[in-house]
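Me: Got a structure open here. Can you walk me through it?
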Amino acid sequence: DDEEEENKIDPETIAEQTCQADNHKDNGNGHMSNKEYEKALHQYNQAIDTSPSGPHSHVYYSNRAAAYCYLAQYDAASADCITSIGLNPTYEKAHARLGLSLFFRGEYEKAVSAYTKSLELDPKNKASFSYLKKAKARLAEQQEAEEESCRVEEEREKHRRRIEWMGRQQQYQQQHRQQHRQQQQYTDGIAEEEEADKEVEEGSLGDETGIASTGLASIVTNDDDHGDNEMEAAAGTEEHHTSSLPGQQAFDPFVTTDE
């Protein structure tokens with residue numbers, strides 16, 4: 001409790017700080033009128049440092065946001081406007097300057113919302129009405145551009161998928177042709193092997209037939225010779241016996257006539 005008492009600022013001190021801060025704010029406004037935006041920014045900084053959360057602090061932040069806008073520091077301007085609105089949600093100029101900073105940041109949808117709120121608080125603000133129309137027009141263009149970008153991206157994706165599909169088809173066809181060639185080579189190889197086996201078989205059969213014929217002829221020839229020899233031997237023996245018998249004529253088996 002003692003620490004809270006020490007941290008509390010008495011009303012006279014608050015009033016004194018507010019007076020000093022207002023003087024810095026007025027000086028800043030003068031620099032703004034002269035388009036001396038850096039000097040105006042310095043004065044607004046002094047006002048905020050003197051009274052960061054006083055009864056007029058929302059004005060200091062809003063005015064500094066205006067200076068940031070003129071210096072094209074739109075992110076800092078948006079942050080000051082949000083702080084100002086947090087201190088005083090009904091301060092119309094903070095909503096209008098937030099709309100302006102968002103507009104130049106290209107965040108048109110948020111800018112439309114900020115300008116709409118500004119006009120709710122001050123329907124006669126011509127600047128807010130004008131920039132609201134601009135923000136809506138830019139938002140429509142932005143949405144159209146996004147839709148076109150999406151359409152183009154979809155077309156690119158379709159084209160990419162088609163290229164991939166064609167590549168897969170070409171690869172499949174190449175594999176199919178390769179398999180066909182391999183199958184044909186395999187089939188041709190089998191046919192060549194069968195033809196070679198047939199030639200070898202025919203050659204072997206021819207050799208066996210020749211050997212059999214030659215052997216048979218030899219056998220036949222040998223048998224005939226053996227028969228002839230036996231007949232000759234028998235005839236010789238018979239002739240010998242016939243001649244050995246006196247007064248007996250030799251028998252000729254080839255004589256067909258009877259005596």
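Me: Start with the cysteines. Is Cys-81 buried or exposed?
Reply: Cys-81 is buried, at 0% relative accessible area. Keep in mind that this is a predicted model.

Me: Which cysteine sulfur is closest to the one in Cys-81?
Reply: That would be the sulfur of Cys-69, at 6.3 Å. The gap is too far for a bond, because a disulfide needs the two sulfurs within 2.5 Å.

Me: How many disulfides, then?
Reply: The count is zero.

Me: And Cys-150, how accessible?
Reply: Cys-150 is partly exposed, at 46% relative accessibility.

Me: Switching topic. What's the secondary structure?
Reply: Eight helices and zero strands. Of the 259 residues, 22% count as buried.

Me: How many salt bridges?
Reply: Ten. One of them pairs Arg-105 with Asp-75, at 3.1 Å from N to O.

Me: Where do Arg-105 and Asp-75 lie?
Reply: Arg-105 is in the loop between α6 (92-104) and α7 (108-121), while Asp-75 belongs to helix α5 (residues 74-87). The pair therefore ties together parts that are 30 residues apart in sequence. Arg-105 is partly exposed at 34%, and Asp-75 is exposed at 53%.

Me: What about salt bridges inside α8? Which residue does Arg-151 meet?
Reply: Glu-148, at 2.5 Å from N to O. Arg-151 and Glu-148 sit three residues apart in helix α8, so about one helical turn separates them. Both are partly exposed: Arg-151 at 41%, Glu-148 at 38%.

Me: And Glu-157, what's its partner?
Reply: Arg-160, with N to O at 2.3 Å. Glu-157 and Arg-160 are also three residues apart in helix α8, about one helical turn. Glu-157 is partly exposed at 26%, and Arg-160 is partly exposed at 37%.

Me: Which residues are joined into a network by shared partners?
Reply: Asp-75, Arg-105, Glu-107 and Lys-110 form one salt-bridge network.

Me: Now the surface. Which residues form the nonpolar patch?
Reply: Ile-163, Trp-165 and Met-166. Together they have about 310 Å² of accessible area. Met-166 is in helix α8 and is partly exposed at 40%.

Me: And the negative patch, which residues are in it?
Reply: Asp-188, Glu-192, Glu-193, Glu-194, Glu-195, Asp-197, Glu-199, Glu-201 and Glu-202.

Me: Pick Glu-193. Which helix holds it?
Reply: Helix α8, which spans residues 126-244. Glu-193 counts as exposed because its relative accessibility is 54%, and the cut-off for exposed is over 50%.

Technical notes. Residues numbered from 1 in each chain as written. Predicted model: local features only at pLDDT ≥ 70, side-chain atom pairs only at ≥ 80, totals over all residues. Heavy atoms only, no water. Patch = residues over 30% accessible without salt bridge, like charges linked within 9 Å, V, L, I, M, F, W, Y side chains within 5 Å. Areas by Shrake-Rupley, 256 points an atom, 1.4 Å probe, with all protein chains shown as cover. Salt bridge = Lys/Arg side-chain N within 4 Å of Asp/Glu carboxyl O. Lys, Arg positive; Asp, Glu negative; His and termini not counted. Charge placed at Lys NZ, Arg CZ, Asp CG, Glu CD. Helix = DSSP H or I, 4+ residues; strand = E, 2+ residues; numbered from the N terminus. Buried < 20%, exposed > 50% of the residue type's maximum accessible area, 1.4 Å probe, protein only.
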